[in-house]
Amino acid sequence: MIVAATRELETSLLATHACVGGMDEVGRGAIAGPVVVGLALVDASCGEAPAGLADSKLLTPIGRNRLVEPCRAWTISLTLGQASPAEIDRWGIIAALRLAGRRALDHARKAGHVPDIIILDGSHDWLTVPPPDLLCPPDHPDLDSTLPCVPRTMTQVKADRHVAVCAAASVVAKVERDALMADLDDPGYGWASNKGYLSPAHRAGLEALGPSPWHRHSWKIPGKRMKTHG
């Protein structure tokens, strides 16, 4: 039985914050495709969360798709940010996650919504921008002043399972990324079924074709020494 996420944590935060955000990422462990970060925002005007809202990983594809529009209707803002495989290769996965998260924040800001606090799924705060060190190149995305500053964050283990606003971000981000991967031109990697994660079909495609431009070339992946499929 799937346990629905609740509004307990976000409601307690709304007692002292005008706008509370929930953020979750999808695609961090894949070997191909972008990382996608979802940001859902709620305020005191938001009512009950959509029925059946739960961690996207526990829902069927049909269940996730059915929740997208109810999640958008329930929240005051639901935005997505991406970081490409090339950006993951250039800056590393944590900086890429942060970049995608700040892009989601930027989309929300441009629509007139700025959260006072963000509940971040997991135990590690990958969203807050660290102080630059002497080796940080001037084109590093952490130094991009056109992107918004990160508000206060709090981490919560399994927030995508237990916190409704994070579950909403998780569901919409996963639906978006799954659709993107399924729509890619596929010469034999099995994108539609594996969504860029390693699977037997994906491995076989890599061994036959080598990595594509959608693969994360800085990662250890099968077929990496073979010619790149363009």
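Is Asp-106 buried or exposed? Asp-106 is buried, at a relative accessible area of 7%, where buried stands for under 20% relative accessible area, exposed for over 50% and partly exposed for anything in between (1.4 Å probe, protein chains only).

A word on what you're looking at. This is a predicted model, so local features need pLDDT of at least 70 and side-chain atom pairs count only at pLDDT 80 or more, while totals for chains, interfaces and linings use all residues. Residues are numbered from 1 along each chain as its sequence is written, and side-chain values use heavy atoms, with hydrogens and water left out.

Back to Asp-106, which forms a salt bridge with Arg-109, their closest N and O atoms sitting 2.5 Å apart. A salt bridge here is a side-chain nitrogen of Lys or Arg within 4 Å of a carboxyl oxygen of Asp or Glu. Both residues belong to helix H4 (residues 93-110), three residues apart, or about one turn of the helix. Helices (H or I, at least four residues) and strands (E, at least two) are DSSP runs, numbered from the N terminus. Unlike buried Asp-106, Arg-109 is partly exposed, at 35%.

The structure has 11 salt bridges. Another one pairs Glu-10 with Arg-7, with 2.7 Å between the closest N and O atoms. Glu-10 is buried, at 0% relative accessibility, and Arg-7 is buried too, at 15%.

Now for a pair that reaches across the chain. Asp-160 and Lys-57 meet through their side chains in a salt bridge of 2.7 Å, N to O. They are 103 residues apart and link distant parts of the chain: Asp-160 is in helix H5 (residues 159-162), and Lys-57 is in the loop between strand S2 (35-42) and helix H2 (61-74). Asp-160 is buried, at 4%, whereas Lys-57 is exposed, at 57%.

That loop leads to H2, so let's follow the helix. H2 has 14 residues, and at 1.5 Å a residue they should span 20 Å; the end C-alpha atoms are 20 Å apart, which agrees. The expected span is 1.5 Å times one less than the number of residues in the helix. There is also a kink of about 30° at Val-68, shortly before the proline Pro-70; the bend at a residue is the angle between axes fitted to the seven residues ending there and the seven starting there.

Val-68 is also one of the buried residues of H2, alongside Arg-64, Leu-67, Cys-71 and Trp-74. Among the elements covering these buried residues (contact means heavy atoms within 4.5 Å) are helix H1 (8-14), S2, strand S3 (77-83) and helix H6 (164-183).
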